[in-house]
Amino acid sequence: MEKLRIVFMGTPEFAVGILDTIIKNNYTIVGVITAADKPAGRGQKIKYSAVKEYALANNLTLLQPTNLKDKSFLEELKSLNANLQIVVAFRMLPEVVWNMPKRGTFNLHASLLPNYRGAAPINWAIINGDTETGVTTFFIDDKIDTGAMILSSEIEITPNENAGQLHDRLMRLGSATVIETVTLIEKGNVKTTIQKDVPEIKTAYKLNKENCKIDWTKSAKEIYNLIRGLSPYPSAWCYISDKNEEWNVKIHAANMLLENHNYTIGNLICSKKEIKIAVKDGYIEVISIQFPGKKKMNVGELLNGMTFSENAKAY
């Protein structure tokens, strides 16, 4: 049986967990490819990807191409003599890259394909109120997340789970599924299933400022799902206005309270330790919030130094 020589491609923390599992299962990683360094934060300091940090700490051969079709990069990649490539949360590959190794290039995607193809599958599964999700391995082709599926594994989404918690559980599930997939490839026992496109496929749209904004006219459940689906990152946000001031705030955690009331949608109902925001079928009780230029804090901390009038409103 031919020994596998693996090139791993990935960028965020999610990919690190998979890479670490591959190494701990004694597979040979001949190279790691990750995103180029870029400035981040207020100081615009150069930030390494999570995968780069791991590769450096473990003395792995590291490539950071800005152009995946660049001749010098392709020569470096070919010189690694890999016979399998594994991709986790990286970017779309040109055919010259994914078609290079003899055993192919497979991707781990954090959804049950064909649902939630795209950039943010974990977030959208929660935002849409799904009760289950999972991971899928598939051989890469020339489109995004459409290739022939190898394995899939399901997991329940618990009612109060946020995206960060689900991310960690899917990383563990994904690690096991990748190892199972590698074993099948190593033994030559892979059987694939072609993805079927149907009209009701759900999409994992890229997250942006517009689709992360809270619409307070929606139901309590829809708003609650948006908040937990965007927590801890990038966070649901809205405006709060009071006493001729307006703030752009992030809501990191909340509870949902279903009950009848006579308040106007968006009204803040505050006590010494509590902020509730009226919606059409109840309230969103804010647990953790962040005002501009401030750290994330629980509502009790906020109300120690800030008061709101009965006219305060979220929108």
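I count helices (H or I, at least four residues) and strands (E, at least two) as DSSP runs, numbered from the N terminus.

**Ground rules.** I am working with a predicted model, where local features need pLDDT of at least 70, side-chain atom pairs count only at pLDDT 80 or more, and totals for chains, interfaces and linings use all residues. Residues are numbered from 1 along each chain as its sequence is written, and side-chain values use heavy atoms, with hydrogens and water left out.

**Y48.** I found Y48 in the loop between β4 (45-47) and α2. Is Y48 buried or exposed? Y48 is partly exposed, because its relative accessible area is 34%, between the limits for buried (under 20%) and exposed (over 50%), with a 1.4 Å probe and protein chains only.

**Whole chain.** I looked up the secondary structure and got eight helices and 18 strands. Of the 315 residues, 50% count as buried. The C-alpha trace spans about 70 × 45 × 30 Å along its principal axes.

**Pocket.** I used a 1 Å grid over the protein atoms alone; a pocket is an open set of points where a 1.4 Å probe fits, with protein on both sides within 12 Å along at least five of seven lines, and lining residues have an atom within 4 Å of a point. The largest one has a volume of about 1,800 Å³, the space filled by probe spheres set on the points. Its lining has 45 residues, and T11, P12, A89, F90 and A119 are the closest to its centre. Among the elements that each supply at least two lining residues are α1 (13-24), α2 (50-57) and α6 (163-187).
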